[in-house]
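Please work through the exercises below with the sequence and the coordinates open beside you. Each task is followed by a solution that goes step by step.

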Amino acid sequence: MKISELKIDDYEKVIHGVDEQTGLNAFIGVHCTTLGPALGGLRIWPYEREEDALTDVLRLSKGMTYKSAIARTGLGGGKSVVIGDPKVVRNPDTMRAMGRLIDSLGGLYITAEDVNTRIEDLEHVREETRWVTGLSLERGGSGNPSPYTGRGVYLGIKACFEEVYGSGDPAGRHIAIQGAGSVAQTVIDLLLADGARVTACDINPERIAQVKAKHPEVVFVDSKEIYDVDCDVFSPHALGAVVNDQTIDRLRCRIVAGAANNQLAELHHDDLLKERGILYAPDFVINAGGIINVSVEFHPGGYDEKVALEKIGHIDDALKSTFAKARAENVGTGRAAIDVAKQIIAEAKAK
Ligand code: NAD
């Protein structure tokens, strides 16, 4: 395999691996290891150009640094991307080659599941490197992160209620869920149990049928209409960049809070939400439950669900202090969260 290093300002290490034998073409971005080894998922995507893959790995690895800093996981930020059609790339040989690329960094980067990767792919990666997390519980891993991410989002939504309405009680509140997938499932279960009302959408009819079978009271609307729902919370659980120039004026909510990564198309949408009196729960703060769960694999004695749940229980505190900072400095909550993360890293560097 040909491995080359790219020098990129503000990134500790970025490598490009090309393996002719297996067809692997991948980048690994290590943004920052000040707080610990750089952990972040392995994404498979049919990028049209190598530079698109590089842009993505840089953006995502920096996001992981901020997410882990605020969640106090003791980890840094990294990410990896494999270029190609998931149907072709998700094969044992290519995944093993990816394992060798990860191993070449000697533990600086630790991988996990992400878009288009499953546990079975990680098991092939694990054949070549020990720097893999999120394997099944039977194999000593922490398993599927989604219920933990969902629990953190639920706690975060309650923190938003407290900030906006003075009470964190979801009873009688109305939540509009975009994308009723695995994370949203937990959020829906918990909010309904508290007496909230849920409207949802999904592009997959099977998912709609599954949710309706469990909770007939959930009202489904067409996916294009979810932005127009008159509600307390617009909760994105599907795609990034859903708060953008086209959607922002349609939102009829007081809060934006959900699991999707990179919800704001651009940072200035943070300012626009503030102007409109909509509280934004920064995505990388509210959706940290999964990374917190995985980080517990590094505790002495290994993974322990009780420890994970206790740590996830602090996501609402992280959000509340972000809201307080944003209020005090009269800035958007997204900008405040980035500042909090940078400050945590700067303090660690200064020690
Ligand atoms: P998932 O694939 O299980 O669920 C996403 C759902 O969104 C699917 O049911 C899909 O059909 C639906 N969807 C896709 N496009 C849509 C559209 N245009 N309109 C409506 N619905 C649409 O994924 P997940 O694991 O539940 O993750 C949800 C989001 O949270 C993703 O953006 C993911 O990156 C992010 N996230 C997940 C975790 C985790 O632990 N799984 C952690 C952090 C962030």
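The exercises that follow concern a predicted model, and they treat its domains, its nonpolar cores, one residue and one pocket in turn.

**Exercise 1. Describe the domains and the contact between them.**

Step one is to read the bounds: the domain assignment gives domain 1 as residues 2–133 and domain 2 as residues 146–288 + 316–335. Step two is to place the two relative to each other, and here the centres of domain 1 and domain 2, taken over C-alpha atoms, are 28 Å apart. Step three is to look at the contact itself, in which six residues of domain 1 meet seven residues of domain 2.

**Exercise 2. Find the largest nonpolar core and say what contributes to it.**

Begin with the general expectation that, in soluble globular proteins, nonpolar side chains tend to be buried together. In this model the largest nonpolar core has 59 residues, and those with the most contacts inside it are I70, I157, I177, I188, V218 and A257. Helix α5, residues 146–165, gives the most to this core, with seven residues. Taking the domains next, the core draws at least three residues from each of domain 1 and domain 2.

To follow the packing around one member, take I188 and leave aside its neighbours within four places in sequence: I188 is then in contact with I177, A180, V198, V211, H215 and V218. A second, separate core has 21 residues, including L24, A38, I44 and V82.

**Exercise 3. Decide whether M95 is buried or exposed, and list what surrounds it.**

First locate M95, which lies in helix α3, residues 92–103. Its relative accessible area is 0%, and because buried means under 20% relative accessible area, M95 counts as buried. Apart from neighbours within four places in sequence, M95 is in contact with I44, V89, D121, H124 and V125. As a check on distance, compare V242, which is 147 residues from M95 along the chain and whose C-alpha atom is separated from that of M95 by 31 Å.

**Exercise 4. Characterise the second largest pocket by volume, lining and residue class.**

Start with the volume, which is about 280 Å³ for the second largest pocket. The lining of this pocket consists of 17 residues, of which E163, K274, I278, L279 and T333 lie nearest its centre. Assign the lining to elements next: those giving two or more residues are α5, α8 (268–275), β13 (279–280) and α12 (315–329). Finally, sort the lining by class, which yields eight nonpolar, four polar and five charged residues.

Notes. Residues numbered from 1 in each chain as written. Predicted model: local features only at pLDDT ≥ 70, side-chain atom pairs only at ≥ 80, totals over all residues. Heavy atoms only, no water. Core = buried A, V, L, I, M, F, W, Y, C linked by side-chain atoms within 4.5 Å. Buried < 20%, exposed > 50% of the residue type's maximum accessible area, 1.4 Å probe, protein only. Helix = DSSP H or I, 4+ residues; strand = E, 2+ residues; numbered from the N terminus. Domains from an automatic or database assignment. Contact = heavy atoms within 4.5 Å. 1 Å grid on protein atoms, 1.4 Å probe; cavity = no way out; pocket = protein on both sides within 12 Å on 5 of 7 lines; lining within 4 Å. Points joined across faces, edges and corners; volume = space filled by probe spheres on them. Nonpolar A, V, L, I, M, F, W, Y, C, P; charged D, E, K, R; others polar.
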